[in-house]
Amino acid sequence: MGTFLLLMAESIGTELAEASEHSGFSLNTNIFDTNLINLAIIITVLLVFGRKVLGTTLKSRRENIETAIKNAEQRASQAAQQLKQATDNLAAAQAEAQRIKEAAQASAQAAADAILAQAAVDIERMQAAGAADLNADLNKAIAQLRQKVVQQALLKVESQLKGGIAEDTQKTLIDRSIAQLGGEV
């Protein structure tokens, strides 16, 4: 309606300006010359038909906006549900990760304990084997020393036998041998 008044005022103002230029100030009363009838017809047609079109357009626009709002609310609700589900899944995953971490630590500790126990057993076994080897080497060395002592004693005895034994030494040896056998002298 405000547009109609502006158009009329502009139309009247233009005609008044033209009339004042030609003959001074006057009012044009010719209805067809001022287009008042044409403007009234156009405004009436716009109000009659435009109201329906504009009402239909606005109603359609309002329905579209309401549908868009409902869809946005549904998407927001779904997003909130998905966020809650994702949060629950995250909490469950974190709990599972913590459980796996604790199980892995317990398993690692058990493996370390088993390795240490096995190492202790291996050390004891190696020490026992080393002691046995040492005893065997000691016994071997003692046996070798005995053999050498016996050989040297035999060599000495042989050399003395070759040189001869004194009679009193022979008698003493024989007496000792008999005494050891359990006989009398």
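This tour moves from the whole chain to a few selections along one helix.

**The whole chain**

Begin with everything displayed, bearing in mind that this is a predicted model. The secondary structure comes to four helices and zero strands, so that, read from the N terminus, the elements run α-α-α-α. If you colour the chain by pLDDT, the mean is 82, and 79% of the residues reach 70 or more. Select residues 2-23 next, which form helix α1, the element with the lowest mean pLDDT, at 59; then select residues 36-163, helix α3, where the mean is the highest among the elements, at 89.

Switching to a surface view, you will be looking at about 16000 Å² of exposed area, of which carbon and sulfur atoms supply 62%. Buried residues make up 3% of the 185 residues in the chain.

**A nonpolar patch**

Now select Ile37, Ile41, Val45, Val48 and Phe49, which together make a nonpolar surface patch of about 440 Å². Valine 48, one of these residues, is found in helix α3, and because its relative accessibility is 46%, valine 48 counts as partly exposed.

**Salt bridges in helix α3**

The structure holds four salt bridges, and the next three selections each show one of them.

Select arginine 62 and glutamate 66 with side chains drawn, and you will find a salt bridge with an N to O distance of 3.2 Å. The two residues are four apart in helix α3, and therefore separated by about one helical turn. Arginine 62 is exposed, with a relative accessible area of 57%, whereas glutamate 66 is partly exposed, at 37%.

Move on to glutamate 96 and arginine 99, whose side chains meet in a salt bridge at 2.4 Å, N to O. Here the partners lie three residues apart in helix α3, which again separates them by about one helical turn. Arginine 99, at 46% relative accessibility, counts as partly exposed, and glutamate 96 is also partly exposed, with a relative accessible area of 37%.

Finally, select aspartate 122 and arginine 125, where the salt bridge between the side chains spans 3.5 Å from N to O. These residues, too, are three apart in helix α3, with about one helical turn between them. Aspartate 122 has a relative accessibility of 23% and counts as partly exposed, because the buried class takes in only values under 20%.

Definitions and conventions: Residues are numbered from 1 along each chain as its sequence is written. This is a predicted model: local features need pLDDT of at least 70, side-chain atom pairs count only at pLDDT 80 or more; totals for chains, interfaces and linings use all residues. Side-chain values use heavy atoms; hydrogens and water are left out. Buried means under 20% relative accessible area, exposed over 50%, partly exposed in between (1.4 Å probe, protein chains only). Accessible areas come from the Shrake-Rupley method with a 1.4 Å probe; for residues, only the protein chains shown count as cover. pLDDT is the predictor's confidence in each residue, from 0 to 100. Patches are made of residues with over 30% relative accessible area and no salt bridge: like charges are joined within 9 Å, nonpolar side chains (Val, Leu, Ile, Met, Phe, Trp, Tyr) within 5 Å.
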